[in-house]
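Me: I am new to this structure and would like a close look at a single part of it. Please take the helix with several buried residues, together with what surrounds it, and then place it in the chain.

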Amino acid sequence: MLLEDQRFLSEDIERLESAIADRIGEEPKHIRDRLNRDHQVSGFLTRIQDQSKRLLDIYHDAEGLRTKEVEAISTGDPFEEFYKHLGEIKDFHRRYPNEPVENLERAYKRKAPGEGESATAEVDNMFTGEEAFGKFLDLTTLHEDYLNLAGVKRLSYLQYLDSFDVFTPPQCPIKRPDKTTDHYFAYVGRLVAYLEDFLRRTAPLQDLDKLFSTFDAAFDTAWQSDAVPGWTKDTPGSGIAAPTTEGTGEGIWCPDCLKEFKNDNVYKAHLSGKKHLKAAEARKTNSDTNGSSSAPNPSPVHHLKERAIAEREFRIAKLASTLSSERVATRINVERKQGMTERERQMELDALFAETTSDLPAARDSDSDSDSSEKIYNPLKLPLAWDGKPIPYWLYKLHGLGVEFPCEICGNFVYMGRRAFDKHFNEARHIYGLKCLGVTNTGLFREITGIEDALKLWEKIVRDKRVEGGKGEGVVQMEDAEGNVMPEKVYYDLQKQGLL
């Protein structure tokens with residue numbers, strides 16, 4: 001019966017809306033519970049869209065079945081039609097006596113703490129241990145893939161985290177002809193797939209398809225205007241012969257080594273070196289496989305492959321900017337773990353999984369009981385880690401977090417630990433304080449925290465610059481018979497002594 005399907009779909013949509021409202025009204029404290037809620041709401045929204053589509057098809061009634069059913073009920077004997085459908089229902093259950101009945105109220109109802117959640121295991125299996133339920137990125141496998149590429153420099157994991165979205169020299173030493181290889185194409189494809197999948201897992205309620213479409217539109221505009229970084233027509237190694245004045249425009253450019261030489265003799269000497277011969281042979285091989293290096297119109301297949309690789313690099317840069325907060329948190333987490341032993345890392349991982357898999361309290365007698373159970377014992381007032389627990393005391397002493405470093409330039413702000421103190425000289429607060437004092441060259445004022453000291457140092461720098469400028473203008477150069485150049489005073493002293 002189409003009318004019964006219509007009623008069932010309308011009830012299902014209302015139940016789904018009520019279930020979403022119940023879950024949105026709560027704000028879980030733990031990131032695991034929040035992700036569990038968001039993925040449940042995302043699943044409900046997807047089901048609402050599917051059920052609404054089916055309901056619209058019934059209302060449109062393209063084949064006229066719903067109209068015939070309404071006419072059969074309204075024009076004929078209503079009891080006859082009723083008993084006819086009742087017989088069909090009894091016949092169905094007679095043939096399938098164990099057919100389960102779907103209870104919509106129970107299916108979407110918020111479960112009690114003791115009953116557990118069916119989607120919990122799904123959320124637990126979505127993330128690796130390094131990702132910590134979407135707090136950090138896990139690029140260890142992609143880092144190994146990057147190190148296996150041809151022509152790359154060996155980077156540590158921390159250096160890779162800073163530069164995995166940069167594809168132009170000097171951060172990326174891979175030349176443009178080498179980017180068209182299958183290994184590099186597969187690497188950027190896996191990197192894009194991971195970043196998109198991570199974004200879908202951590203933000204299931206965002207309209208990511210719309211976000212990705214904006215990335216595609218921005219790339220199309222940049223590609224048509226020849227503004228994609230690393231893929232412009234004048235990029236070295238793009239297939240067009242490079243001029244001899246490439247680089248700074250002052251020396252001699254070697255298109256094989258992609259290097260500029262100031263001296264002609266050095267340039268001629270390097271032509272017989274092993275490195276230059278190997279680079280020239282590799283360039284010749286690439287030109288033979290991909291066509292002539294000076295060909296103005298490369299093959300359409302090669303052009304399409306370059307466009308696909310450039311599109312992936314462009315998308316990686318956009319995704320990395322979207323995940324900038326997770327990227328910074330990942331770097332901090334990696335640095336923190338490097339100062340821990342293997343036993344401490346394992347204990348931290350066990351504590352994380354024990355916390356996430358522990359059941360909620362079975363009974364809540366009073367608010368005081370719950371407050372006392374959540375209270376953290378921290379008599380030494382140690383800083384809290386990312387999990388809300390105090391850091392180990394040895395780590396507190398190692399980083400010197402008990403030592404205070406005040407800075408008068410920053411408004412008498414106190415920095416705890418030498419690391420935070422050294423880092424703040426490059427932060428906006430300290431630079432702004434120096435600019436308020438009239439200091440423009442902030443790089444020379446490291447370790448200067450007092451306003452009076454900064455003003456004295458700046459006055460001395462300005463005074464020295466003026467003196468040097470005055471001396472440079474008044475110096476008179478003299479040349480003897482042998483061509484030796486010297487100041488005027490030295491020249492006359494030597495002349496009086498008869499040494500010239």
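Reply: What follows starts with helix α7 and its surroundings, then turns to other parts of the chain.

This is a predicted model, in which local features need pLDDT of at least 70 and side-chain atom pairs count only at pLDDT 80 or more, while totals for chains, interfaces and linings use all residues. Residues are numbered from 1 along each chain as its sequence is written, and side-chain values use heavy atoms, with hydrogens and water left out.

Helix α7 covers residues 140-147. Helices here are DSSP runs of H or I with at least four residues, strands are runs of E with at least two, and both are numbered from the N terminus. Within α7, the residues Leu142, His143, Asp145, Tyr146 and Leu147 are buried. Buried means under 20% relative accessible area, exposed means over 50%, and partly exposed lies in between, with a 1.4 Å probe and protein chains only. These buried residues pack against α8 (157-163) and α9 (182-202).

The loop between α8 and α9 holds phenylalanine 164. Phenylalanine 164 is buried because its relative accessible area is 3%. Leaving aside neighbours within four places in sequence, phenylalanine 164 is in contact with Leu139, Leu191, Leu195, Ile316, Ala320 and Arg327, where contact means heavy atoms within 4.5 Å. For one of these partners, leucine 139, the separation from phenylalanine 164 is 25 residues in sequence and 9.5 Å in space, C-alpha to C-alpha.

Glutamate 196 belongs to helix α9. Its relative accessibility is 16%, so glutamate 196 counts as buried. With neighbours within four places in sequence left aside, glutamate 196 has contacts with Phe212, Arg315 and Leu319.

On the other side of α7 in sequence, alanine 132 lies in the loop between α6 (120-124) and α7. Alanine 132 has a phi near 50°, which is positive in a residue other than glycine. Most residues other than glycine have a negative phi. Alanine 132 is buried, because its relative accessible area is 6%. Another such phi, near 70°, is found at glutamate 447, in the loop between α19 (428-436) and α20 (451-474). Glutamate 447 counts as partly exposed because its relative accessibility is 40%.

Helix α2 (residues 31-60) contains leucine 45. Leucine 45 has 39% relative accessibility and therefore counts as partly exposed. The 30 residues of α2 should span 44 Å at 1.5 Å a residue, and the end C-alpha atoms are 43 Å apart, so the two agree. The expected span is 1.5 Å times one less than the number of residues. Just after α2, aspartate 61 takes a positive phi of about 50°.

The strands offer a hairpin. Strand β3 (residues 404-407) pairs with strand β4 (residues 413-416) in the antiparallel sense over 4 bridges; strands pair if DSSP finds at least two bridges between them. Glutamate 404 has methionine 416 in β4 as its bridge partner. Between the strands of this hairpin there are 5 residues, and glycine 411 takes a positive phi near 80°.

For the chain as a whole, the count is 21 helices and 6 strands. Buried residues make up 30% of its 500 residues. Of the contacts in the chain with a separation of 6 or more, 53% are between residues 24 or more positions apart.
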